Amino acid sequence: MVDQQVMERIKNCLAQGQRFAITTHVNPDGDGLGAEAALANFLEERGKDVYIFNSNPVPDNYDFLNPDKKFLTYDPRKHQEILLTVDYILIVDISDWQRLRQVGRDIRDISTTKICIDHHPSQEKVGEVRLIDQNACSTGEIVYQLIEYCGGPFNKTIAEALYTCLVTDTGSFKFSNTTAKSFEIAGKLIEHGANTHELYQKIYERQSYNKVKLFAYVLNNLHFEKSGRVAWFAVTYDVIENLGVQQNDTEGFSDYPRVIDGVEVTVMFVETEKGTTKVSLRSKGNVIINKIAQEFGGGGHPFAAGIMLNGGYKEYKDKLLSEVYRLFT
Ligand SMILES: [Mn+2]
């Protein structure tokens with residue numbers, strides 16, 4: 001349940017403020033971007049000035065959330081002055097200063113009230129006002145309730161942005177975080193104009209051929225351990241370069257090996273151009289994997305977690321996988 005007192009406080013902030021900045025985590029996903037787009041539209045409809053500053057550009061398949069190019073890739077030389085002079089800063093889909101990158105470093109110690117809206121479990125306290133619901137399937141689910149609490153109105157733009165949050169963070173309403181409430185809110189969003197079929201095509205049916213080739217590579221390079229209960233794979237930076245794809249083209253791949261009968265946990269290693277390695281851990285729902293992520297400096301949900309490691313995947317592979325194998329001994 002979202003806290004009514006906190007909602008009241010945020011409602012007042014949104015009404016009183018005139019200039020707002022919104023941000024989300026590095027490598028933003030459909031939930032982070034959709035929550036930003038919905039809040040931006042809601043505030044602009046009320047005559048407010050809104051700036052969206054993210055660490056990365058909007059991936060192509062989410063460009064429908066960004067028709068008037070409001071999403072800016074944060075550059076302190078150009079944007080810091082604006083960021084430091086807005087009335088409120090909204091931080092969505094993240095409770096981790098580190099994953100806010102430069103935006104986080106620039107706002108962490110300033111006196112501007114920061115409002116965090118999130119559904120991730122976290123030890124960190126990000127923002128002075130925190131609307132956190134770990135039972136929400138997505139940040140979009142919380143933003144829906146906030147906008148409803150503020151009296152709306154909803155329009156097609158907000159409905160489609162929030163539906164994007166729900167559909168992407170629940171794996172199209174397949175994952176264990178999907179609840180009756182997720183469907184109830186999805187239903188309301190359809191009533192408010194979300195075209196589910198069009199959104200599905202926009203989000204999922206616009207993949208590049210090279211991304212599909214990368215997926216074929218992944219399927220051909222799966223490793224199985226613990227009698228097939230653990231599936232892992234690695235995408236080195238060489239592979240990414242050779243196929244001419246982007247690191248974020250691996251989005252969603254970590255979920256896929258769970259379709260294989262018997263697989264309980266999947267581990268995906270992706271090397272980045274900066275020499276770091278992104279690890280994604282996914283569980284079918286019988287074993288909790290975010291504790292392993294935390295041990296290695298990452299975090300996330302019980303059945304979907306991630307880590308960013310300094311160095312190539314080979315440096316960490318054995319150590320990390322042996323922790324995963326221990327779940328099955
Ligand atoms: Mn999310």
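1. A quick bit of vocabulary before the sheet: two strands count as paired if DSSP finds at least two bridges between them. With that in hand, look at β9 (residues 265-271) and β10 (residues 276-283) in this predicted model: 7 bridges join them, and the two strands run antiparallel. If you want a spot to click on, F269 stands opposite V279 in β10.

2. Now zoom out to the whole sheet. It's an open one of 6 strands, ordered β7-β8-β9-β10-β12-β11, and the pairing is mixed. Going from one strand to the next, the twist averages 15°.

3. Which strands stand at the edges? Those are β7 (223-225) and β11 (299-301); each has a single partner strand, so one side of each is left without a neighbour in the sheet.

4. There's a helix to look at here too. Helix α12 (residues 317-326) lies across β7, β8 (230-235), β9 and β10. Relative to β9, α12 runs at about 165°.

5. Over to a helix pair: α6 (residues 156-169) and α8 (residues 196-204). Their axes come within 11 Å and cross at roughly 65°, and the crossing is right-handed.

6. Who makes that contact? On the α6 side you'll find E160, Y163, T164, V167 and T168, while α8 brings T196, L199 and I203. Sorted by class, the α6 contact with α8 has 4 nonpolar, 3 polar and 1 charged residues. Those are the side chains I'd pull up when looking at the α6 and α8 contact, with Y163 and L199 among them.

Definitions and conventions: Residues numbered from 1 in each chain as written. Predicted model: local features only at pLDDT ≥ 70, side-chain atom pairs only at ≥ 80, totals over all residues. Axes fitted to C-alpha atoms, helices over the stretch in contact; angles between N-to-C directions. Helix = DSSP H or I, 4+ residues; strand = E, 2+ residues; numbered from the N terminus. Left-handed = near helix turned anticlockwise from the far one by under 90°. Contact = placed C-beta atoms within 7 Å. Nonpolar A, V, L, I, M, F, W, Y, C, P; charged D, E, K, R; others polar.
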